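Here are my notes on the model, as promised. Have it open in your viewer while you go through the points.

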Amino acid sequence: GGTGATGMSFFGIQSEGSRIVLLFDVSTSVVNKANASGIPLSEIKKETISLLAKLPINARFSLVQFVRNYKPFSEELVAANPTNKKRTEEWIETEWSESGQMAASGRGVKTASPNGLPIVLDFAFSLQPDTIFLISDGSFEQTAPGSPNRSVPEDELTEQITRLQRAAGKPVPIHFIGFQMKDDDRDFWRRMCQRVGGKLRELGK
């Protein structure tokens with residue numbers, strides 16, 4: 001698993017860790033807000049590849065794209081060696097969702113019921129990370145059979161993140177990189193990031 005923390009910077013957020021998970025909300029609203037903020041998809045890809053290129057070989061990482069379903073680069077964290085970095089770069093260039101949708105039937109796509117950010121967080125913590133970066137606009141919706149679409153309530157996210165942090169047995173910083181966030185979403189994620197030792201940065205403001 002590697003030892004020792006690695007210093008890193010992602011979109012201006014400084015952090016340390018040797019087990020890194022990057023979560024990318026690729027919904028239409030986020031893609032549009034990122035473009036409007038002057039951070040197009042091409043820049044997000046470039047920044048991600050740059051981050052991974054600088055990771056030392058003792059670090060481990062994975063990436064996850066999500067809308068309501070999610071698509072991971074790998075089922076477990078992989079070593080930051082040249083082969084895996086090259087594989088990741090190819091995955092970013094060829095497998096990245098640019099439609100704003102992510103059908104459960106798509107190649108490599110995972111789902112559960114209900115879907116949405118909660119299943120993404122469950123998967124991310126199953127990888128036993130010590131640092132998580134979450135890129136989104138802060139508004140998360142989910143669907144479940146027989147139920148209408150709904151926003152994931154803040155109290156449910158708070159309970160889930162508290163439970164996942166407790167199960168991890170150590171603080172796992174969640175850093176939030178946001179685009180054109182609503183005031184309530186910004187306030188909630190700023191509090192949550194601070195609570196778990198993370199940071200929030202909103203781009204394009």
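**Notes on the predicted model**

1. Let's start with the hairpin: β8 and β9 form one with two residues between them, and Gly146 in the turn has a positive phi of about 80 degrees. The β8 strand covers residues 141–144 and β9 covers residues 147–151; the two pair in the antiparallel sense over three bridges. Across from Ser147 in β9 you'll find Ala144. For the terms, strands pair if DSSP finds at least two bridges between them. Helices (H or I, at least four residues) and strands (E, at least two) are DSSP runs, numbered from the N terminus.

2. A word on the ground rules. This is a predicted model, where local features need pLDDT of at least 70 and side-chain atom pairs count only at pLDDT 80 or more, while totals for chains, interfaces and linings use all residues. Residues are numbered from 1 along each chain as its sequence is written, and side-chain values use heavy atoms, with hydrogens and water left out.

3. Now the overall build. The chain has six helices and 11 strands. Its radius of gyration is 16 Å, close to the 17 Å that the globule rule gives for 205 residues, so the chain is as compact as a globular protein of that length. That radius is taken over C-alpha atoms, and the rule is 2.2 Å times the number of residues to the power 0.38. Along the principal axes, the C-alpha atoms fill a box of roughly 45 × 35 × 35 Å.

4. Burial and contacts next. Of the 205 residues in the chain, 53% are buried (buried means under 20% relative accessible area, exposed over 50%, partly exposed in between, with a 1.4 Å probe and protein chains only). Take the contacts (heavy atoms within 4.5 Å) between residues at least 6 apart in sequence: 72% of them join residues at least 24 apart.

5. Which helix is mostly covered? That's α4 (residues 117–126), with eight of its 10 residues buried. Among them are Leu117, Ile119, Leu121, Phe123 and Phe125. Right after α4 comes Gln128, with a positive phi near 55 degrees.

6. Do check the cis peptide bond between Ser113 and Pro114, where omega is about -5 degrees. Pro114 sits in the loop between α3 (82–95) and α4.

7. Two more positive phi values turn up in loops. Phe11 has a phi near 50 degrees, positive in a residue other than glycine. Phe11 belongs to the loop between β1 (6–10) and β2 (13–17), and it is buried at 7% relative accessible area. Gln180 isn't a glycine either, yet its phi is positive at about 45 degrees. Gln180 is in the loop between β10 (174–179) and α6 (183–195), and at 38% relative accessibility it counts as partly exposed.

8. Is Ala53 buried or exposed? Exposed, with a relative accessible area of 52%. Ala53 is part of helix α2 (residues 41–54). Its C-alpha atom is separated by 37 Å from that of Asp155, and the two residues are 102 apart along the chain.

9. Last, the charges. There are 25 positive and 24 negative side chains, and the centres of the two sets lie 3 Å apart. Lys and Arg count as positive and Asp and Glu as negative, with His and the chain ends not counted; each charge is placed at NZ of Lys, CZ of Arg, CG of Asp or CD of Glu.
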